[in-house]
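Thanks for coming. I'll put one structure on the screen and walk through it, from the overall fold down to single side chains.

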Amino acid sequence: LEITMQLTTLSQPSLKTQLRALFVIARKDWKVFWRYPLNAVSSVFQPIIWITPVYFMGKAFSTNGQASGFAAYSGSGDYMSYILIGTVLTNFIMTVFWGMGYALKNDMDSGVLESNWLTPIPRLLILVGRTLTSMFTTTITSIVMLVIAGALFGFKPTGSTFAAILTAIPMLVGLYGFGFAFAAIVLLMREANTMVDVGSFLVQGFSGTNFPVQSLPYWLIPVSLMLPLTYGLDAVRGFLIKTNTLLPIPVEIGILILSMFVMLWIGAQIFYRVERRVRTLGTLGQH
C-alpha cells in the first residue's frame, strides 16, 4: 500500500512541483539564450530589415503622402503602424511555433527526448515551459524593435494601448492550441524546420499580419475568417489605430475568448493522441 501511494504521488505531481518544473525549464533556456547574445540583437533588427522595403514601397505607391488604396481596405492610411502591430504579434506567433516544434526536434537530435519525458511531469507542461523564456525575451525585443522602428518609420497609436494588450492575451493563449497540434505533427514527421516555416507562413498570411484580409482573393477570405488569429489582429488594430474591423470589436473579443478554450482543448487532444501513437510504434526518439 505504501509503495502504491508513493507511485501515485509521483504520477500526480503537485501544483508546486509543476510550477518548479516550469521554472527549471525556463531557467535552462534562459542560460542557453545568453550563450548566444547576438541572437538578441538579431531578433531586434531582423524585423526592421524586413519591413524597410515595405516602408519605401508604400511611399512609392502613396499619393501626396496618402496610401489611399490601403485606406480603402483598412479605414486608415497609416500603413506603417498597421504593419508594425502585425510584426510585433508575428514575433509571438513565431515564438510559439519555434518554441514548441523546434524544441522537440532539438531533443530528438540530442537523444534526450525519451529521458526528458520519463519525468513525472505532464508533457504539455514541458512544451509550455519551453516557450516561457522565448515569450519573455520576445516581449523585450519587440518593445525595443517597436521603439526603433517607430523612430525610423513612424508609429502613431491613437487608441487604447491597455485595451489592445488585454485583447491580445486570449489570442496568444489560444495560440498554444496551434502549438500543441503543431508539436504533434513534428512528432509524426520528425522534421521541424520546414514545418515551422510553412506552418507559420500560412498562419501569418491567412490571418492578415501584414495586410488586410479583405485584399485576399474572395475564395481565400473564408479561410482567414476561420482563424481566430484574424480577429485578434483585427481587434488589436481597431483599438490601437482605429481601423475598420471585420466585426464589432465586442463580437471579435467574444470569438477570441471562446476559441481560446476550444483551440487549447483540440490542440491538447491531438497532441495526446499522436504522442500515444508514436510511443506505441516506438518512434518517439527517432530523428
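When I say helix here, I mean a DSSP run of H or I with at least four residues, and a strand is a run of E with at least two, numbered from the N terminus. On that basis, reading along the sequence gives α-α-α-α-α-α-α-α-α-α-α-α. That is 12 helices and zero strands. Please keep in mind that this is a predicted model.

Now the overall dimensions. The radius of gyration of the chain is 21 Å, and the globule rule gives 19 Å for 287 residues; the two are close, so the chain is as compact as a globular protein of that length. Along the principal axes, the C-alpha atoms fill a box of roughly 80 × 40 × 35 Å. Of the 287 residues, 45% count as buried. If you take the contacts in the chain with a separation of 6 or more, 80% of them come from residues 24 or more positions apart.

Next, the aromatic residues. A pair of aromatic rings is described by the distance of the centres and the angle of the planes. Rings count as a pair if their centres lie within 6.5 Å, and by this rule there are 10 aromatic pairs. One of them is Y55 with F153: the ring centres are 4.8 Å apart and the planes are at 40 degrees. Why is this pair called tilted? Planes under 30 degrees apart would be stacked and over 60 edge-to-face, so at 40 degrees the Y55 and F153 pair is tilted. These two residues are 98 residues apart, with Y55 in helix α3, residues 38–60, and F153 in helix α7, residues 123–153, and the pair therefore links distant parts of the chain. Both Y55 and F153 are buried.

A second pair is F271 with Y272. Here the centres are 6.1 Å apart and the planes are at 65 degrees, which makes the pair edge-to-face. Are these two residues buried or partly exposed? F271 is buried, with a relative accessible area of 0%, whereas Y272 is partly exposed at 30%.

Two more items on aromatics. W30, F33, W34 and F136 form one aromatic cluster. And the charged end of R237 sits over the ring of Y82, 3.7 Å from the ring centre.

Let me move to helix α11, residues 228–241. Helix α11 has 14 residues and reaches 20 Å from its first C-alpha to its last, close to the 20 Å expected at 1.5 Å a residue. How much of α11 is buried? The count is 13 of the 14 residues, so α11 is largely enclosed by the rest of the structure.

Just after α11 comes K242, with a positive phi of about 60 degrees. A positive value is worth pointing out here as K242 is a residue other than glycine. K242 lies in the loop between α11 and α12, the latter covering residues 249–281. K242 counts as exposed, at 51% relative accessibility.

Now two serines. S207 is in helix α9, residues 193–207. It counts as buried, at 2% relative accessibility. A polar atom of the S207 side chain lies 3.4 Å from the backbone oxygen of Q204. Not counting residues up to four places away in sequence, S207 touches V213, L227, L229, T230 and L233.

The other serine is S142, in helix α7. S142 is buried as well, with a relative accessible area of 3%. What does the side chain of S142 join? A polar contact of 3.1 Å joins it to the side chain of N91. Leaving aside neighbours within four places in sequence, S142 is in contact with V88, N91 and F92.

Last residue: I270, in helix α12. I270 counts as partly exposed, at 35% relative accessibility. Not counting residues up to four places away, I270 touches A181 and A184. The C-alpha atoms of I270 and V203 are separated by 18 Å, and these two residues are 67 residues apart along the chain.

To recap: a predicted model with 12 helices and zero strands, in which α11 is largely enclosed by the rest of the structure and K242, just after α11, has a positive phi. I'll stop there and take questions.

Note on methods: Residues are numbered from 1 along each chain as its sequence is written. This is a predicted model: local features need pLDDT of at least 70, side-chain atom pairs count only at pLDDT 80 or more; totals for chains, interfaces and linings use all residues. Side-chain values use heavy atoms; hydrogens and water are left out. Rings of Phe, Tyr and Trp (its six-membered ring) pair if their centres lie within 6.5 Å; planes under 30 degrees apart count as stacked, over 60 as edge-to-face and the rest as tilted. Buried means under 20% relative accessible area, exposed over 50%, partly exposed in between (1.4 Å probe, protein chains only). A charge sits over a ring if NZ of Lys or CZ of Arg is within 6 Å of the ring centre and within 35 degrees of the ring normal. A polar contact is a pair of N or O atoms within 3.5 Å; within protein, one must be able to donate a hydrogen and the other to accept it, and residues adjacent in sequence count only if both atoms are side-chain atoms. Contact means heavy atoms within 4.5 Å. The expected span of a helix is 1.5 Å times one less than its number of residues. The radius of gyration is taken over C-alpha atoms; the globule rule is 2.2 Å times the number of residues to the power 0.38.
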